[in-house]
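Biologist: Could we go through this structure together, taking one question at a time and reasoning each answer through?

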Amino acid sequence: MRNKIIAYTDGACSGNPGPGGWGVWLKAGHHEKELCGGEKDTTNQRMELQAAIEALKALKKPSSITIVTDSKYVLNGITDWIHGWKKKGWKNSKKEPVANRELWEALDALNQIHDVDWQWVKGHSGDEGNEKADELARQGIPI
């Protein structure tokens, strides 16, 4: 039986914009992998997106994965809004260019390769995976 892959992802920012970090806690059976990184000048939304991108980039082959995020922006964007954005030439409902388009395009491309089940969890509510991803995201913030 194949191991179920689950990734908990989170982004963090010290100031918004400001220095930010992303974190991913990947689990498959008894295997775990912790990933984190960051940028000196970014936003919380960009770090939330980067965490999801890094989770999918870490997979060595097309896989079935559950991504758990506390970001409604990421969840709604990838499961709903992106279809309209692409139809409208990457314009949002206000007919303005979609923010963070390059990250959305990268996430969309990876989302096409893998079978992704996107799930939302309330942040800072005691969920072990979300708390771990948050800790990793804070570790990723450049000093």
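Modeller: Before the questions, one term has to be fixed: a salt bridge here is a side-chain nitrogen of Lys or Arg within 4 Å of a carboxyl oxygen of Asp or Glu. Please also keep in mind that this is a predicted model.

Biologist: With that rule, how many salt bridges does the count come to, and which residue meets Glu102 in one of them?

Modeller: The count by this rule comes to 6 salt bridges. In one of them the nitrogen-to-oxygen distance is 2.7 Å, and the side chain that meets Glu102 is that of Arg46.

Biologist: Where do the two residues of that pair lie, and how many residues apart are they?

Modeller: Glu102 belongs to helix α3 (residues 101-113) and Arg46 to helix α1, so that the pair links distant parts of the chain. Glu102 is partly exposed, its relative accessible area being 44%. Along the sequence, Glu102 and Arg46 are 56 residues apart.

Biologist: Which residue forms a salt bridge with Lys86, and is that partner buried or exposed?

Modeller: The closest N and O atoms of the pair are 2.7 Å apart, and the partner of Lys86 is Asp108. Because Lys86 lies in helix α2 (residues 72-87) and Asp108 in helix α3, the pair ties together parts that are 22 residues apart in sequence. Lys86 is partly exposed at a relative accessible area of 37%. Asp108, at 11% relative accessibility, counts as buried.

Biologist: How many residues apart are Arg101 and Glu105 within helix α3?

Modeller: The side chains of Arg101 and Glu105 meet in a salt bridge of 3.0 Å, taken from N to O. Arg101 counts as partly exposed at 37% relative accessibility, and Glu105 is partly exposed with a relative accessible area of 32%. An α-helix has 3.6 residues a turn, so residues three or four places apart point the same way. Both residues lie in helix α3, about one turn of the helix from each other, and their separation is 4 residues.

Biologist: Glu48 is buried yet has no salt bridge; which side chain of opposite charge is nearest?

Modeller: Glu48 sits in helix α1 (residues 44-57), and its contacts, not counting residues up to four places away in sequence, are with Thr9, Asp10, Gly11, Thr69, Asp70, Ser71 and Val74. The nearest side chain of opposite charge is 11 Å away, and the residue that carries it is Arg138.

Biologist: Why can the buried residues of α4 be said to line one face of the helix?

Modeller: The buried residues in α4 are Gly129, Asn130, Ala133, Asp134, Leu136, Ala137 and Gly140. Seen down the axis of α4, these buried residues line one face of the helix because they fall within an arc of 165°.

Biologist: Which strands do those buried residues of α4 pack against, and which residue caps the N-terminal end of α4?

Modeller: The packing partners of the buried residues of α4 are β1, β2 (18-28) and β3 (31-42). At the N-terminal end of α4, a side-chain oxygen lies 3.2 Å from the backbone nitrogen of Gly129, and the capping residue that provides this oxygen is Asp127.

Biologist: Lys4 is in the segment before β1; which side chain is joined to that of Lys4 by a polar contact?

Modeller: Leaving aside neighbours within four places in sequence, Lys4 is in contact with Lys27, Ala28, Gly29, Ser64, Ile65 and Thr66. The C-alpha atoms of Lys4 and Gly29 are separated by 6.7 Å, although these residues are 25 residues apart along the chain. The polar contact is 3.0 Å, and the side chain that Lys4 meets there is that of Thr66.

Biologist: What kind of peptide bond joins Asn16 and Pro17?

Modeller: Pro17 is found in the loop between β1 and β2. Omega for the bond between Asn16 and Pro17 is about 10°, and the peptide bond is cis.

Biologist: What is phi of Lys95, and what is phi of His124?

Modeller: Lys95 is found in the loop between α2 and α3 and counts as exposed at 70% relative accessibility. His124 is found in the loop between β5 (115-120) and α4, and is exposed with a relative accessible area of 58%. Each has a positive phi in a residue other than glycine, with Lys95 near 65° and His124 near 55°.

Technical notes: Residues numbered from 1 in each chain as written. Predicted model: local features only at pLDDT ≥ 70, side-chain atom pairs only at ≥ 80, totals over all residues. Heavy atoms only, no water. Contact = heavy atoms within 4.5 Å. Polar contact = N/O pair within 3.5 Å; in protein donor to acceptor, adjacent residues only side chain to side chain. Buried < 20%, exposed > 50% of the residue type's maximum accessible area, 1.4 Å probe, protein only. Arc of directions from axis to C-beta. Lys, Arg positive; Asp, Glu negative; His and termini not counted.
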